[in-house]
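Visitor: I have a model open on my screen and would like a friendly walk through it. Could you take my questions one by one?

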Amino acid sequence: MVKCARFSAITASLLLAVSSVAYADPIKIGVNQPLTGPFAASGTYIVDGAKLAVEEINANGGVLGEQLQLIIEDNKSNPTEAAAVAEKLIVSDKVPVMMGAWGSSLTLAAMPKLMQYQVPMLVETSSSSKITTQGNPYVFRISPPSWVEAELFKKYLPQLDIKKVDFLAINNDWGIGTVNDFSTALGKEGIEVGLTEMMDQGAQDLSAQLSKIKASDSDTIIVTTAVEQLTLLLKQAAALGITKRIVTTGGSQNPDQLIDQAGSAANNTQHMVFFAPWVPEKTAHPEQAEAFIAAWEKAGHNKAGLTESYRGYDGIQVIKAAIEKAGKAEPEAIKDAFWSIEVPALNGTVTFTKDGPEGRESGQYMTNGTLIKIVDGKIELAGS
């Protein structure tokens with residue numbers, strides 16, 4: 001009887017232990033993305049990339065012995081909603097870390113909530129310089145600010161031979177920051193800056209702005225907007241007979257999608273991208289890139305999303321590394337851990353440098369970038 005009692009007690013303990021592992025609370029990661037509204041296509045790509053990362057991480061044992069769980073919320077491409085989503089994820093869902101919020105205006109709107117509740121956020125896309133210069137120590141960005149993109153672009157100037165450039169940009173923090181930073185960088189290289197035309201994020205008729213630019217004596221138009229509006233813009237530019245060089249910035253133009261949806265209007269356009277899935281062997285970590293591309297295709301996703309979805313994948317991998325380094329899923333520990341990680345990612349090896357006022361610095365990864373060109377419906381790397 002004693003042996004039976006002991007056996008029963010041991011069995012009960014083992015069952016309890018197994019049960020506690022099987023039903024342990026997952027580590028939550030908040031995801032604040034535009035899933036409706038003008039930026040919905042891009043936000044959806046980010047979420048799909050994040051899901052692939054979580055599937056891979058969980059299949060390999062999770063983090064700190066626990067599974068990861070994404071808590072995904074739609075900020076509706078609206079700054080007010082982005083702030084509300086950030087607060088909901090922190091207060092109601094109690095996430096210890098977030099990823100977001102795609103657009104610069106969306107991210108800037110969410111940032112005060114990070115300070116208020118002292119929860120870190122991995123910024124996967126936004127490019128406004130203000131994001132890391134404001135003085136928010138809970139912000140860690142893996143996408144390039146527009147001034148970094150402008151510096152990356154400068155290496156292509158000899159082959160482009162730009163004499164004068166006009167700008168056509170979305171009228172928000174992303175577009176305004178790009179115009180300012182590219183104007184400064186190109187001006188220092190002796191390139192004349194001409195017109196600056198802005199467009200609302202929901203605008204569909206861009207003929208007024210394009211007509212002004214057509215009449216100017218520039219040879220190049222630098223365009224900053226999301227892929228949906230860019231598709232319309234390219235079609236309207238072609239209809240107006242604009243033959244000037246068109247270069248897009250921000251890495252959110254999805255060249256394969258432009259080929260599919262804009263057709264011949266996309267030909268000869270050039271685009272800055274930060275992951276080149278067409279040549280995985282030339283990426284920073286070829287085996288990782290090939291595995292990601294294979295997983296994306298296996299999931300049945302459109303190949304056009306690869307140049308955007310990698311941000312969501314990389315973002316989750318960087319967050320995972322920070323949680324592991326912290327040794328616990330607590331906001332302050334994760335924030336501190338971001339400073340000491342080194343993560344092989346699709347865009348390079350992520351480490352963070354300090355940017356912003358002393359004592360309140362944000363983290364910035366100095367990313368890579370590539371210029372590509374659409375030629376007869378196919379992608380070519382600059383210089384190829």
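Visitor: In which helix is the place of S309?
Guide: Keep in mind that this is a predicted model. Find S309 in it, and you will see that its place is in helix 13.

Visitor: Is S309 buried or exposed?
Guide: A residue counts as buried when its relative accessible area is under 20%. S309 has a relative accessible area of 0%, so the residue is buried.

Visitor: Which residues does S309 touch, leaving out those up to four places away in sequence?
Guide: Happy to list them, with contact meaning heavy atoms within 4.5 Å. Residues up to four places away in sequence are not counted, and S309 then touches Y45, I46, G49, F292 and W296.

Visitor: Which residues are buried in helix 12?
Guide: Helix 12 covers residues 286-298. Two of the residues that S309 touches, F292 and W296, belong to the buried set of this helix. The buried residues are A289, F292, I293 and W296.

Visitor: Why do the buried residues of helix 12 line one face?
Guide: Look down the axis of helix 12. The buried residues line one face because they fall within an arc of 100°.

Visitor: Which residues are exposed on the other side of helix 12?
Guide: Exposed means over 50% relative accessible area. On that other side, the exposed residues are E287 and K298.

Visitor: Which helices do the buried residues of helix 12 pack against?
Guide: S309 in helix 13 touches F292 and W296, and both of these are buried in helix 12. Helix 13 (306-326) is one of the packing partners, and the full answer is helix 2 (40-59) and helix 13.

Visitor: At about what angle does helix 13 run to strand 3?
Guide: Helix 13 lies across strand 1, strand 2, strand 3 and strand 4. Against strand 3, the angle is about 155°.

Visitor: What is the strand order of the open sheet of seven strands?
Guide: The pairing in this sheet is mixed. Its edge strands, each pairing on one side only, are strand 2 (68-74) and strand 13 (353-355). Strand 1 and strand 3 run parallel and are joined by three bridges. The full order is 2-1-3-4-5-14-13.

Visitor: Which residue in strand 3 stands opposite V31?
Guide: Strand 1 spans residues 27-33 and strand 3 spans residues 98-100. Opposite V31 you will find M99.

Key
Residues numbered from 1 in each chain as written. Predicted model: local features only at pLDDT ≥ 70, side-chain atom pairs only at ≥ 80, totals over all residues. Heavy atoms only, no water. Helix = DSSP H or I, 4+ residues; strand = E, 2+ residues; numbered from the N terminus. Expected span 1.5 Å × (residues − 1). Buried < 20%, exposed > 50% of the residue type's maximum accessible area, 1.4 Å probe, protein only. Arc of directions from axis to C-beta. Pairing = 2+ DSSP bridges. Axes fitted to C-alpha atoms, helices over the stretch in contact; angles between N-to-C directions.
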